[in-house]
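User: I'd like a close look at one part of this protein, please. Start with any enclosed empty space, then take me to the part you pick and show me what sits around it.

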Amino acid sequence: MTTKQTYICCLAVLISTIGIAQDRKSEKAQKEFESYSYAPAIESYEVLVEKGYSQEAIYKNLGDAHYQNANYEEAANWFKKLFELNDATIEAEYLYLYAQSLKSNKNYEAAALWMDRYEAAKTTEVRARKSMASPDYLEKIEKSSGRYDIKSLAINSTASDFAPAFKDKDLVFSTARDSGTVGRYIHTWNNKPFTNLYTSTQTTEGSFDTPTKLNSLNKRTHETSAVFTKDGSTVYFTRNNSKNGKFSRDEKGVSRLKIYRANLENGAWTNITELPFNGDDYSTAHPTLSPDERKLYFASDMPGTHGASDIFVVDIANDGSFGTPQNLGNVINTEGRETFPFVTESNELYFASDGHPGLGGLDVFATKIDDLDNLYIVNTGRPVNSEKDDFSFIINSETKKGFFASNRVGGQGSDDIYGFTENEPIDLICNTALSGFVKDQKDGTPLPNANVILVSADGTTLTEVISDADGAFNMDGDCRDGDYKLIATAEGYNRSEIGFTATDAKDIEGLEILLSKIIQEAPVGTDLARFLNLNPVYFDLDKSNIRPDAAVTLTAVINYLNEFPDMKVQVQSHTDVRASTWYNNKLSERRAKSTVAYLIANGIAESRLKGKGFGESQLANDCTTAEKCTDEEHEKNRRSEFIVIE
């Protein structure tokens, strides 16, 4: 073998070896990513990138892993690299995640651009429809902002502190602070310690004493998101899948979250049991109770979930057993993350989401859940929400005080708990605006004092208003998607209605309701031209032909006679005084005949018409001599009238 052949052979072996090594590292990183071990996956992928590898899957998973860990700046960086690749196959989901990451970095202009691309790619998705329905979402968020005073709590640590819960005067929360076992129990999702439940009592001054661990609930797993019954005897909380109190993974290497229930006996939590609707291949987490404690709300990615995680509800029977969990539907839930529900005493649901239009990351949203068919979702605004993750919001309906968690800039740790006071109640009544005009169908004249009624598809009257002096109306619409109609009535006009379809609680402007005048039967002896407020049919001097300008009046008379097919009229024609009496009598007869002929030619039966000429005997004004008036004044006498005779 020659030196050249040896070199080529060795080079081929080297390239093959490098390729195998790269494949193994990629497989390792992919396995870590798929098992939600995002922190080691990030490290493995970044090693590959440092060695010059730039594969599509690496950039996708790096961006996704950083997004899941709320590292939005890094997520945006890797998604940007992904979109710069030539011939990359980009799923719409990554367009959305990139837009969200940009928002979390306050780059709203670029975020809007990428959100437009996402909407174009996924017009049928809930997130896309909500975004398209609220192009002015930032303005709406600003309008709902400023109702809270917030402050960071002294009980926060340099670790993650979140998921506050009420228990009498105590605040129970989840924390990853050093419990003496940090080195042994590190979660590979984010390379941070497992969380435990701690409690702290609020003093009369409003501060909190030193937090202590709830030892009887905490094991060598994650414990978080507790909710207590009002009597304090029962707790529901979240824990990682475990066996004998120890951390456990499924066959894919994933440790799912489950909801547990425990009872307080002699100052200790006992009878810790997992709820029957938990699963080993999906997560259930972050429980909260309804005011009557007969329903449990929670987040899950169980079968039937619309997105990454949804809000579910399950009934609790008198004997403590559970019904079948029900998804709250795609008005609340999107293809994104809906999580950390909390229900107030007035049945208001607060939850965190990155699927509804927000400021970036997870935002806190609210809605009333008395009627799941008529939901109105509101972003709680600043300062509760920020460009980062804001979540686990709870509020006391009586004191208007509460807590939430956020990883915003300026905190002590990755997540911190903030206390707040609500100074202005959030408006959860949907105020969809409908506006438009009521007009005359014939000439478009605005109709004031018209009665306008909004009616739902089932015939229920929803709102009723009166049009103003300009014929304009404004009313509150119904926020539910569906078909509606507006019914308008006005004195002297026929009732009229228009239909429209409402979607995504969008305001609707420019509605126009046209009313036609009520047609009354003219009494015998009436001149139809005057009755219908029409100009008379005028003739030129010494002429009997129908002028073009008479067509409007004649058409209106014909239409009216068609409305009343039994009505008969006499066409009475006249002249001015500028000829002999004999001549004017003959001229008026000719005018009557031409007028009758026009009506017959346009469909009016001859049997309904008579014609008679009156010459100059019935002047319409005081033009008794040729010299006394102008031609314009004499013209008023050269006319045909339409007198009802039966």
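Analyst: **A look inside**

The largest cavity here comes out at about 40 Å³, the volume being the space filled by probe spheres set on grid points joined across faces, edges and corners. A cavity is a set of points on a 1 Å grid over the protein atoms alone where a 1.4 Å probe fits but can't get out, and lining residues have an atom within 4 Å of a point. With a floor of 30 Å³, the count is one cavity. Its wall is made by Thr432, Leu434, Leu454, Gly477, Asp478, Tyr484, Phe500, Ala502, Lys506 and Ile508.

Keep in mind that this is a predicted model, where local features need pLDDT of at least 70, side-chain atom pairs need 80 or more, and totals for chains, interfaces and linings use all residues. Numbering starts from 1 along each chain as its sequence is written, and side-chain values use heavy atoms, leaving out hydrogens and water.

Overall, the protein has twelve helices and 35 strands, which are DSSP runs numbered from the N terminus (H or I, at least four residues; E, at least two). Of its 646 residues, 50% are buried, meaning under 20% relative accessible area with a 1.4 Å probe, protein chains only.

My pick is helix H11, residues 581-601. Its 21 residues should span 30 Å at 1.5 Å a residue, and the end C-alpha atoms agree, sitting 30 Å apart; the expected span counts one less than the number of residues. After H11 comes glycine 603, with a positive phi near 100°.

The buried residues of H11 are Asn584, Leu587, Ser588, Arg591, Ala592, Ser594, Thr595, Val596 and Leu599. They pack against helix H10 (551-563), strands S33 (569-573) and S34 (609-613), and S35.

Zoom in on serine 588: it counts as buried because its relative accessibility is 0%. A polar atom of its side chain lies 3.3 Å from the backbone nitrogen of phenylalanine 614, inside the 3.5 Å limit for N or O pairs with a possible donor and acceptor. Beyond neighbours within four places in sequence, serine 588 touches Ser573, His574, Thr575, Gly613, Phe614 and Gly615, contact being heavy atoms within 4.5 Å.

Over in S35 (residues 639-644) sits arginine 639. This one counts as buried because its relative accessible area is 7%. A polar atom of the arginine 639 side chain lies 2.7 Å from the backbone oxygen of glutamine 618. Setting aside neighbours within four places, the contacts of arginine 639 include Tyr538, Phe539, Ser573, His574, Gln618 and Leu619.

Key. 1 Å grid on protein atoms, 1.4 Å probe; cavity = no way out; pocket = protein on both sides within 12 Å on 5 of 7 lines; lining within 4 Å.
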